[in-house]
Amino acid sequence: MASPCTTYQPSPGSPEDDSMVLFSTSTSCSPAKQSTRTHSNSSSFHSSSPPPPPPQSSSNNKTYELRVRNLSYTISPNSSLFSSLIKKSTKPKISILKSVSFVAGCSEILAIVGPSGTGKSTLLRVISGRVRNKDFDTKSIYLNDHAITSPVQLRNICGYVAQEDNLLPLLTVNETLMFSAKFRLRGMSSKEREERVENLMQELGLDHVADNFVGDEENRGISGGERKRVSIGVDMIHDPNILLLDEPTSGLDSSSALQVIELLSSMAKTKHRTIILSIHQPSYRILQYISNLLILNHGSVVHYGSLESLEENISRLGYEIPVQLNPLEFAMEIISVLENQDLHSKYQSCSYLRWEEAIIQDGANKEVIDQAKTSAVSNSGCSSLFEIAVLCSRFWKIIYRTKQLFLARTMQALVGGFGLGSVYIKMRNDEGGVTERLGLFAFSLSFLLSSTVEALPIYLQERRVIMKEASRGAYKISSYMIANTIIFLPFLFAVAILFAVPVYWIVGLNPSITAFVFFTFVVWVIVLMASSLVLFLSAVSPDFISGNSLICTVLGAFFLFSGYFIPKECIPKYWLFMYYVSLYRYPLDALLTNEYWSLRSKCFSWNDENHSECLLTGYDVLKNRGLDKDTRWMNVGIMFAFFVFYRVICWIILARKVSKTTI
């Protein structure tokens, strides 16, 4: 077998373009051979750290060598609505990557380095398959010399760790990895998943914090380095052969950053994984664990090779590296010079590479594709019932541990119920009491509908985690919506009871038990409807401030056109549709009908003290609101329709966002 470390020497006068790139026919890796690539006795680079641990046998014999050939990627600038209406006003596309070529071998770490805005994150997203099909180049990415024809194949083979730690802060480390295992390893038994999680925590050095909360800026939890290792574990739970990480050391102190890189190096050596990461200004000790460097500037390759070859290239250009800087730091200072060097020097800097055309073998290529398809089937083969059950379990843990939400809802219901009861205590059964009851119902509606706003931050926090998990095939958005509904039904029912009991009996509403049960049921449906509205608005809001403003605006408009302030007959025709879509109108009518329907013949106002002539009966109260028929259950049905409608719209929006996400 030919060695993949042969030097390509371009012949004088031969065209040297970017179409030439390294490809070999090797599909396995020899750690001993790789060590000769990455360490040279002539190097001026030294470190006081101990060398990486020797490679051990891997249980996974399948290895991949990722080869990228002339990869380019462009995006279209966001055009304004005005410009999009004008023909021939198309803006030129922005080129992010320009003919990028490199090889990432197994048991090695390839570091992508460069100034901000050079396309490092974009390159990682492309080679991990997190781009749309129409933007994917089917002739640029190869696994073991076999072309990848779809980004789905890469998503199923590669693990991708984003720069942000998208984790749920109120889950423990063990629970976070276990839920990931349940979604990604559905073919395993519960005992096998538990063993996999325990082994992974030991491998990641997280077993001592297994029962600690992940935490975030507001909730105290594990350290930043440990949180980064949890993020790595979430995307390694299915044991991918290729692991891609976007700036895994970002935001970490030097010690934590070194621990993360040491961990990745150990994984690469012991499991023969192919690891590619982007990094900013690594220290001397971190550079020891990096096999090859891919330096980008303005989307083009400035240097590709070992640290030793980078030193030689800098020396060849006549520069001397200062003692206080490592070669990579100095290369960032003269990156424009490196970018402008001639192509012949660029190729010579990769002195251990052999450049030749890839040989595509259909039979072997089919094996790679079949494995990707098998992985996809295994990730999506479990029934939706399993997804719903696991998501319900996770939802309950989060709600139970979200003390702010739990206590806020409970206190709001109790304080609101007893507070309103103390204001309207033992209302009179006269004309003034009728007016007071209408005011009580209107204020109760406003209180109940606006009390669900505090759930907005939780929905926004979960949304990014949902985008990541659903886009990677962990579960379907429909399963998430059903699980969310199942868990919130009993929780909001308890809130409805805590509010309804004190209000109803302290105020002295209709003494019928049937009327009380219906009143409690309507309160429950009101908070369900409001919860769906907040969930829908959280799906379309970019942040908490805009989401809170949007909720207040929508609820204010619904209250204005509910018929309480402005009768239906006085609403302008162009605003009449708001009367029919108002979330206040139907529960208000249901509560009034429930209060007075069984008291239609009761008189609430007499002409004189002798009660000889009745001026206002319960039927008159209902008729003044246009409620001459018992429409209680029809109103409840419309409220349930709103409850379902907003959740369906939320499901559609989230599903569309998941289809476009590249997290």
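**Membrane spans, pockets and salt bridges**

The UniProt record, an unreviewed entry, puts the feature "transmembrane region" at residues 406–425, 437–460, 481–507, 513–537, 544–566 and 633–654. The structure looked at here is a predicted model. Two of these spans can be checked against its geometry. Residues 406–425 are 90% helix and 0% strand, with end C-alpha atoms 28 Å apart. For residues 437–460 the helix content is 79%, again with 0% strand, and the end C-alpha atoms of that span lie 37 Å apart.

Next come the open spaces. The largest pocket takes up about 760 Å³. Its lining counts 27 residues, and those closest to the centre are Pro 169, Asp 216, Glu 217, Asn 219 and Gln 461. Helix 16 (403–423) and helix 18 (456–471) are the elements that put two or more residues into this lining. Helix 18 has the largest share, with seven residues. By character, the lining of the largest pocket splits into twelve nonpolar, nine charged and six polar residues. Where does the largest pocket sit relative to domain 1 and domain 2? Both domain 1 (64–73 + 91–341) and domain 2 (401–660) contribute to the lining, so the largest pocket lies between them.

As for closed spaces, there are eight cavities of 30 Å³ or more. The largest of them has a volume of about 210 Å³. It is lined by 17 residues, with Ser 180, Val 234, Arg 394, Lys 468 and Glu 469 closest to its centre. Helix 18 turns up here as well: along with helix 5 (173–184), it supplies at least two residues of the lining of the largest cavity. This time the largest share comes from helix 5, which gives five residues. The lining of the largest cavity has eight nonpolar, six charged and three polar residues. Domain 1 and domain 2 both give residues to that lining, so the largest cavity, too, lies between them.

Now for the charged pairs. Across the whole structure, 17 salt bridges turn up. One of them joins Lys 228 and Asp 165, whose closest N and O atoms are 3.1 Å apart. This pair links distant parts of the chain, with Lys 228 in helix 7 (residues 224–234) and Asp 165 in the loop between strand 6 (158–161) and helix 5, 63 residues away. Lys 228 is buried, at a relative accessible area of 1%, while Asp 165 is partly exposed at 27%.

Helix 5 also takes part in a salt bridge through Glu 175. Its partner is Lys 397, with the closest N and O atoms 3.4 Å apart. Because Lys 397 belongs to helix 15 (residues 384–401) and Glu 175 to helix 5, the pair ties together parts 222 residues apart in sequence. Lys 397 is partly exposed, with a relative accessible area of 24%; Glu 175, at 13% relative accessibility, counts as buried.

A further salt bridge brings together the side chains of Arg 625 and Asp 589, at 2.9 Å from N to O. Arg 625 lies in the loop between helix 24 (618–624) and helix 25 (632–660), and Asp 589 in helix 23 (residues 585–596), so the pair ties together parts 36 residues apart in sequence. Arg 625 counts as partly exposed at 24% relative accessibility, whereas Asp 589, at 5%, counts as buried.

Finally, salt bridges can also be joined up into a network, as with Glu 203, Asp 239, Lys 271 and Arg 273.

Conventions
Residues numbered from 1 in each chain as written. Predicted model: local features only at pLDDT ≥ 70, side-chain atom pairs only at ≥ 80, totals over all residues. Heavy atoms only, no water. 1 Å grid on protein atoms, 1.4 Å probe; cavity = no way out; pocket = protein on both sides within 12 Å on 5 of 7 lines; lining within 4 Å. Points joined across faces, edges and corners; volume = space filled by probe spheres on them. Helix = DSSP H or I, 4+ residues; strand = E, 2+ residues; numbered from the N terminus. Nonpolar A, V, L, I, M, F, W, Y, C, P; charged D, E, K, R; others polar. Domains from an automatic or database assignment. UniProt positions renumbered as here; feature names shortened; annotations may be inferred. Salt bridge = Lys/Arg side-chain N within 4 Å of Asp/Glu carboxyl O. Buried < 20%, exposed > 50% of the residue type's maximum accessible area, 1.4 Å probe, protein only.
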